[in-house]
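This report describes one protein together with its ligand, beginning with the surroundings of the ligand and then turning to the sheet, the helices and a few individual residues.

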Amino acid sequence: MTAPGGYEERMVQPLYEREELATVTGGPLRPGGLELTRKLLDHSGLLPGDPVLDLGCGSGFSLELMTRAYNFVTIGMDPSSLLLDQAARRVPEANLLRATANALPCIDGFFAALVCECVLSLTGDIRQTVREMHRVLRTGGMVLLSDVYSFGKESTATFVRTGSCVDDTADLAAVTQTLDASGFEMLHFWECTDALKQLAGQIIFDYGSLAGFWNVVLGLSPGQCAFGCRQTGKKLGYYALIARKR
Ligand SMILES: C[S@@+](CC[C@H](N)C(=O)[O-])C[C@H]1O[C@@H](n2cnc3c(N)ncnc32)[C@H](O)[C@@H]1O
């Protein structure tokens, strides 16, 4: 099945649709939880009634927070019908749309802010996603972003794709330069790698090791490994930022 924007349902279920991830985080499908969302929102200067898009809203935890605690006029968008169903059950009053980040079904200059948590690394085309963000925001509107980033060299050793935010991470310079070149100015930046470490720690606590988790989720045999193992040379971090449309 193909959603508007070309997102295709995968044959292998991506990590963010797996119950194992929801169970291990106990909330949003990413590091940092709602604490990180609150930090972004509290630094945004947004006001009740402001129109806010949750791009890649997943199962709707942040959407619920923004709709009920911050009283924004919210729209949640996501290409996954499975996660949109969960969001609809969590926040029945929310406006939800099935769409992808690279082709937003929105008019120009409408939103005061756009929240995009652990999604940019999944869209396949950061530049096009950021262009779309810029288009649908009003002048002075803000993007509130958090995501995984990578650093260190990639090796040619086998790298098992996990169907998650860690597969196609960008380095920080690529993200910040794309924002700048697309007409955004940086207002706040936070290094949040501790949140990623905390999630990894919880996974180890629950599964005995990261490899144990991937074995269950990906059906890997012992000896194979996904990210985080020595062969890849790829190191991961997590960031959050607020940038304003010039
Ligand atoms: C790691 S989850 C994060 C979900 C949510 N933002 C949260 O904080 O719980 C990534 C989300 O991005 C969505 N996604 C994947 N590809 C996308 C795309 N091309 N455009 C928009 N969203 C996408 C997934 O369906 C999933 O809901």
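## Ligand shell, sheet and helices

Sorted by class, the residues of the shell around the ligand comprise 13 nonpolar, six polar and three charged ones. The shell belongs to a predicted model, and in it 22 residues surround the ligand, with P28, G56, G58, S80 and A101 being the closest.

Taken as a whole, the protein has a secondary structure of eight helices and seven strands. Of its 246 residues, 43% are buried. When contacts between residues at least 6 apart in sequence are considered, 73% of them join residues at least 24 apart.

The sheet comes next. Seven strands form an open sheet in the order β3-β2-β1-β4-β5-β7-β6, and their pairing is mixed. Strands β3 (95-98) and β6 (184-191) stand at the edges and have a single partner strand each, so one side of each of these two strands is left without a neighbour in the sheet. From one strand to the next, the twist averages 20 degrees. In general, the strands of a sheet pair through backbone hydrogen bonds, and the pairing is either parallel or antiparallel. Two pairs in this sheet, one of each kind, are set out below.

| Strand pair | Direction | Bridges |
|---|---|---|
| β1 (residues 51-55) and β2 (residues 73-78) | parallel | five bridges |
| β5 (residues 137-151) and β7 (residues 235-245) | antiparallel | 10 bridges |

Within the parallel pair, D54 stands opposite G76 of β2, and L55 has M77 of β2 as its bridge partner. Both strands of this pair are mostly covered: in β1, four of the five residues are buried, and in β2, five of the six residues are buried. Within the antiparallel pair, L145 has L241 of β7 as its bridge partner.

Helices also pack on the sheet. Helix α6 (residues 172-181) lies across β5, β6 and β7, and its direction makes about 155 degrees with that of β6. Helix α7 likewise packs on the sheet, where it touches β5, β6 and β7 and runs at about 135 degrees to β7.

How are α7 and α8 arranged relative to each other, at what angle and with their axes how far apart? Helix α7 (residues 193-207) and helix α8 (residues 210-218) pack at an angle of about 75 degrees, and their axes are 8 Å apart. The two helices are therefore roughly perpendicular to each other, because an angle of 65 to 115 degrees counts as such. On the α7 side the contact is made by A200, I203, I204 and Y207, and on the α8 side by L210, G212, F213 and V216. Classified by residue type, this contact of α7 with α8 has seven nonpolar residues, one polar residue and no charged residues.

Returning to the edge strand β6, H188 is one residue found there. Is H188 buried, exposed or partly exposed? H188 has 15 other C-beta atoms within 10 Å and is therefore partly exposed, since a residue counts as buried with 20 or more such atoms and as exposed with 12 or fewer. Leaving aside residues up to four places away in sequence, H188 touches H43, L241 and I242. L241 is also the residue of β7 that is the bridge partner of L145. H188 and A243 lie 55 residues apart in sequence, while their C-alpha atoms are 7.0 Å apart in space.

Two loop residues deserve a separate look for their backbone angles. N71, which is not a glycine, has a positive phi of about 55 degrees, and N71 is found in the loop between α3 (61-69) and β2. C118 also has a positive phi in a residue other than glycine, with a value near 60 degrees, and C118 lies in the loop between β4 (111-117) and α5 (126-136).

Which of the terms buried and exposed applies to N71, and which applies to C118? N71 counts as exposed because it has 12 C-beta neighbours inside 10 Å, whereas C118, with 22 C-beta neighbours inside 10 Å, counts as buried.

Notes:
Residues are numbered from 1 along each chain as its sequence is written. This is a predicted model: local features need pLDDT of at least 70, side-chain atom pairs count only at pLDDT 80 or more; totals for chains, interfaces and linings use all residues. Axes are lines fitted to C-alpha atoms, for helices over the stretch in contact, and angles run from 0 to 180 degrees between N-to-C directions. Angles under 35 degrees count as roughly parallel, over 145 as roughly antiparallel, 65 to 115 as roughly perpendicular and the rest as oblique. Two residues are in contact if their C-beta atoms, placed from the backbone, lie within 7 Å. Ala, Val, Leu, Ile, Met, Phe, Trp, Tyr, Cys and Pro count as nonpolar, Asp, Glu, Lys and Arg as charged, and the others, Gly among them, as polar. A residue is near a molecule or strand if its C-beta atom, placed from the backbone, lies within 6 Å of it. Two strands pair if DSSP finds at least two bridges between them.
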